[in-house]
Amino acid sequence: MRIEQLEYIEAVTRLGSLRRAAEELHLSQPALSETVRNLERELGVTVLDRKRSGATISDAGRELLPHIIGVLDAVDRLRRAADEQHRTSRTVRLGTVFAATVPLLVPAIREFHALHPATEVEVIAAQQSVIHRSLLEGGVDLGLVNYLEGDDLAPDLHTTELLRGRPVVCLRPDSPLASLESVGVDDLLREPLIVMRSGYLMHRFTHRLLKGRVPSFSYSADGAEMGKLMVAEGLGVTVLPDYSVVGDPLERTGAITCRPLAGDSTTVLLVVQRSRSGSVTRAARDLHRIFVERAEAHRTVRPPEAPPAGPAPSPGAPASPDP
């Protein structure tokens, strides 16, 4: 039994004529009639009553018709689902807070494109809470977010640690603070300070670092990339994870650099997350794997004063490189 045989029965029944059905199906009438007869022989049932006035469904065929329609509806749903899966498999949606965007994300996307040239990567910049919600609702496939060591992980998300670093002061090489081996809070308060907007992890860290003290002047930036650009243009300094600065094109060209925070031992983690429920496309799994591999390569260019680059377990849960 073939699907097209059932489709032919449905067309003849709907149109009330072998001739009209043959025209709609772009078949010759003898070929259509023979296909239907083959199905009737296989089922042992006369499905159509053939008369000079045309073909109509038989009583036995009328009893079978709901089952025929049910099979055709199921096939149609299967085809639509396959089409949708094919469409979505051609797009990987990535939510990111944009810390370590250029040093890690761009090389990963470049490698992914070589592996999946026909698959689009949709990069969506958002705050961590928005990314978490989108992961759970299926709006994004993967999320790149930051945690401070000791933060609770979202229980409904699978988390894999990528990078482990510490907050540093991002500044221009000609900044007065660049002559210091490390920057204290008092030094930081004397400079215009570019603070991440509320909702970003580094906003929370910076306010904790300052303990209510107010800098000489401050700006608010929507994410690390904007903060680094503002630093490069001489508007002030900012506090970011070291892995967001080291390897950035602005750092490689000498437009920005970084100094450790004096007396601070905070650890910042960059992780990749996905929902624990639902399937993961092969393309998303490949991008996840590339992030893990690229993170290992990125650790090799960390500055000497950075924390050890070896792998470490995820906060609150074991890290797993395989989604």
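This is a short tour of a predicted model, with a selection to make at each stop.

**The whole chain**

Start with the full chain in view. It holds 12 helices and 12 strands. Colour by burial next: buried residues make up 47% of the 323 residues. Now think about contacts along the chain. Among those with a separation of 6 or more, 76% join residues 24 or more positions apart.

**First stop: a sheet with β3 and β4**

Select strands β3, β4, β5, β6 and β12. Together they form an open sheet of five strands. Read across it in the order β4-β3-β5-β12-β6. The pairing is mixed. Look for the edges at β4, residues 120–125, and β6, residues 157–165. Each of these two pairs on one side only. From one strand to the next, the twist averages 25°.

Zoom in on β3, residues 91–96, and its neighbour β4. The two run in the parallel sense, paired over six bridges. Which residue of β4 is the bridge partner of Gly95? Pick Ile124.

**Second stop: helices on that sheet**

Keep the sheet on screen and add helix α6, residues 128–137. Helix α6 lies across β3, β5, β6 and β12. To find two of those strands, select 142–148 for β5 and 268–275 for β12. The helix runs at about 140° to β5.

Now add helix α8. It lies across β5 and β12. Its angle to β5 is about 5°. Leave α8 switched on, as the next sheet involves this helix too.

**Third stop: a sheet with β7 to β11**

Select β7, β8, β9, β10 and β11. These five strands make an open sheet, again with mixed pairing. The order is β9-β8-β10-β7-β11. Its edge strands are β9, at 217–221, and β11, at 257–260, and each pairs on one side only. Here the twist averages 35° from one strand to the next.

Look again at α8, residues 201–210. This helix lies across β7, β8 and β10. Select 192–196 for β8 and 237–241 for β10. Relative to β8, the helix runs at about 135°.

**Fourth stop: two cysteines**

Stay in this sheet and select β7, residues 167–171. Strands β7 and β11 run antiparallel, joined by four bridges. Show Cys170 and Cys258 as sticks. They are bridge partners, with Cys258 in β11.

Why is there no bond between their sulfurs? A disulfide needs cysteine sulfur atoms within 2.5 Å. The sulfur of Cys170 is 7.2 Å from that of Cys258, its closest cysteine sulfur, so the gap is too far for a bond. Seen from Cys258, the closest cysteine sulfur is the one in Cys170. A search of the whole structure finds zero disulfides.

Are these two cysteines buried or exposed? Cys170 counts as buried, at 0% relative accessibility. Cys258 counts as buried as well, at 11%.

**Fifth stop: helix α9**

Select residues 224–232 for helix α9. Seven of its nine residues are buried, so the helix is largely enclosed by the rest of the structure. Highlight the buried ones: Ala224, Glu225, Gly227, Lys228, Met230, Val231 and Ala232. Then step just past the helix to Gly234, which takes a positive phi of about 80°.

**Sixth stop: helices α2 and α3**

Select 18–25 for α2 and 29–43 for α3. The two helices pack with their axes 9 Å apart. The angle between them is about 105°, so they are roughly perpendicular to each other.

Show the side chains where they meet. From α2, pick Leu18, Arg19, Ala21, Ala22 and Leu25. From α3, pick Gln29, Leu32 and Ser33. The residues of this contact divide into five nonpolar, two polar and one charged.

**Last stop: two loop residues**

Select His26, in the loop between α2 and α3. Though not a glycine, His26 has a positive phi of about 60°. His26 is exposed, with a relative accessible area of 72%.

Finish with Lys211, in the loop between α8 and β9. Lys211 is not a glycine either, yet has a positive phi of about 55°. At 73% relative accessibility, Lys211 counts as exposed.

Key
Residues are numbered from 1 along each chain as its sequence is written. This is a predicted model: local features need pLDDT of at least 70, side-chain atom pairs count only at pLDDT 80 or more; totals for chains, interfaces and linings use all residues. Side-chain values use heavy atoms; hydrogens and water are left out. Two strands pair if DSSP finds at least two bridges between them. Axes are lines fitted to C-alpha atoms, for helices over the stretch in contact, and angles run from 0 to 180 degrees between N-to-C directions. Contact means heavy atoms within 4.5 Å. Angles under 35 degrees count as roughly parallel, over 145 as roughly antiparallel, 65 to 115 as roughly perpendicular and the rest as oblique. Ala, Val, Leu, Ile, Met, Phe, Trp, Tyr, Cys and Pro count as nonpolar, Asp, Glu, Lys and Arg as charged, and the others, Gly among them, as polar. Buried means under 20% relative accessible area, exposed over 50%, partly exposed in between (1.4 Å probe, protein chains only).
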